[in-house]
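User: I should be grateful for a close look at a single part of this model and at how that part sits within the rest of the protein. Please give a connected account.

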Amino acid sequence: MPSAPSNLPDLVTPAAAPGVARLSRTLAVVSLLGLVVLSVAWELWIAPLRPGGSWLVIKALPLCIPLAGLLKHRMYTYRWVSLLVWLYFTEGVVRAFGDAPPSRWCAMAEIALCLLLFAACVLHVKGRQKAVRPAE
């Protein structure tokens, strides 16, 4: 199998990725999956806005889109996920201060997962950029 051109840092394989990039990738994928599971459980069972579930569960769909990019080591995905996550962070902050306890606890978990996802994305991007930077 031919190797990827050196000008394409998005195609770093897990074996070639530095330890920080592997760890941050794992944290990013786990926290993203955690946000998806939390969003679905929150709006269907734990504390839905209406009894029996809420259409707000569709907020989990945009979180499913970047999963493939994260698993394929696409740097661009890590960059835009680090921006997308702030929408969910904002929802978590608003609902943490405005909702009753079952929903408040879910909101606090959402805030924690968003911060973890953002930190993992930033660490991943920085680690990968550092790995492909030429020696000075």
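User: Which pattern does the protein follow when read along the sequence? With that as background, please concentrate on α2: which of its residues are buried, and what covers them?

Analyst: The model is a predicted one, and the account below should be read accordingly. Read along the sequence, the protein follows the pattern α-α-α-α, with four helices and zero strands. Of its 136 residues, 39% are buried. When contacts between residues at least 6 apart in sequence are considered, 69% of them join residues at least 24 apart.

Helix α2 spans residues 61–71. Its buried residues are Leu63, Pro66, Gly69 and Leu70. Viewed down the axis of α2, these buried residues lie within an arc of 110°, and they therefore line one face of the helix. On the other side of α2 are Leu61 and Ile65, both of them exposed. The cover over the buried residues of α2 includes α1 and α3. After the helix comes His73, which has a positive phi, near 65°.

Two of the buried residues of α2 also matter for the description of the interior. The largest nonpolar core has 27 residues, and Leu63 and Leu70 are among those that touch the most other members, together with Ala28, Leu35, Tyr78 and Leu117. Two or more residues of this core come from each of α1, α2, α3 and α4, and α4 gives the most, with nine residues. As a general matter, nonpolar side chains in soluble globular proteins tend to be buried together. Ala28 offers a direct view of how this core is joined: leaving aside residues up to four places away in sequence, Ala28 touches Leu70, Tyr78, Leu117 and Ala120. Leu70 is thus both a buried residue of α2 and a contact of Ala28.

The two helices named in the cover of α2 also pack against each other. Helix α1 (residues 19–46) and helix α3 (residues 75–98) meet at an angle of about 40°, and their axes are 13 Å apart. Their crossing is left-handed. From α1, the contact is made by Arg25, Ala28, Leu35, Trp42 and Glu43, and from α3 by Tyr78, Val85, Glu91 and Arg95. Sorted by class, the contact has five nonpolar residues, four charged residues and no polar ones. Ala28, Leu35 and Tyr78 belong to this contact and are also listed among the core residues that touch the most other members.

Two further positions place α2 in its wider setting. The loop between α1 and α2 holds Trp55. Is this tryptophan, Trp55, buried or exposed? Trp55 is exposed, because its relative accessible area is 74%, and the cut-off for exposed is over 50%. The C-alpha atoms of Trp55 and Leu44 are 8.7 Å apart, while the two residues are eleven apart in sequence.

Ala107 lies in helix α4. Ala107 has a relative accessible area of 0% and is therefore buried. Apart from residues up to four places away in sequence, Ala107 touches Trp42, Gly92, Arg95 and Ala96. Of these, Trp42 and Arg95 also take part in the contact of α1 with α3. Between Ala107 and Tyr88, which are 19 residues apart along the chain, the C-alpha atoms are separated by 9.4 Å.

Notes. Residues are numbered from 1 along each chain as its sequence is written. This is a predicted model: local features need pLDDT of at least 70, side-chain atom pairs count only at pLDDT 80 or more; totals for chains, interfaces and linings use all residues. Side-chain values use heavy atoms; hydrogens and water are left out. Axes are lines fitted to C-alpha atoms, for helices over the stretch in contact, and angles run from 0 to 180 degrees between N-to-C directions. A crossing is left-handed if the near helix is turned anticlockwise from the far one by less than a right angle, and right-handed if clockwise. Contact means heavy atoms within 4.5 Å. Ala, Val, Leu, Ile, Met, Phe, Trp, Tyr, Cys and Pro count as nonpolar, Asp, Glu, Lys and Arg as charged, and the others, Gly among them, as polar. A nonpolar core is a set of buried Ala, Val, Leu, Ile, Met, Phe, Trp, Tyr and Cys residues joined through side-chain atoms within 4.5 Å. Buried means under 20% relative accessible area, exposed over 50%, partly exposed in between (1.4 Å probe, protein chains only). The arc is that of the directions from the helix axis to the C-beta atoms.
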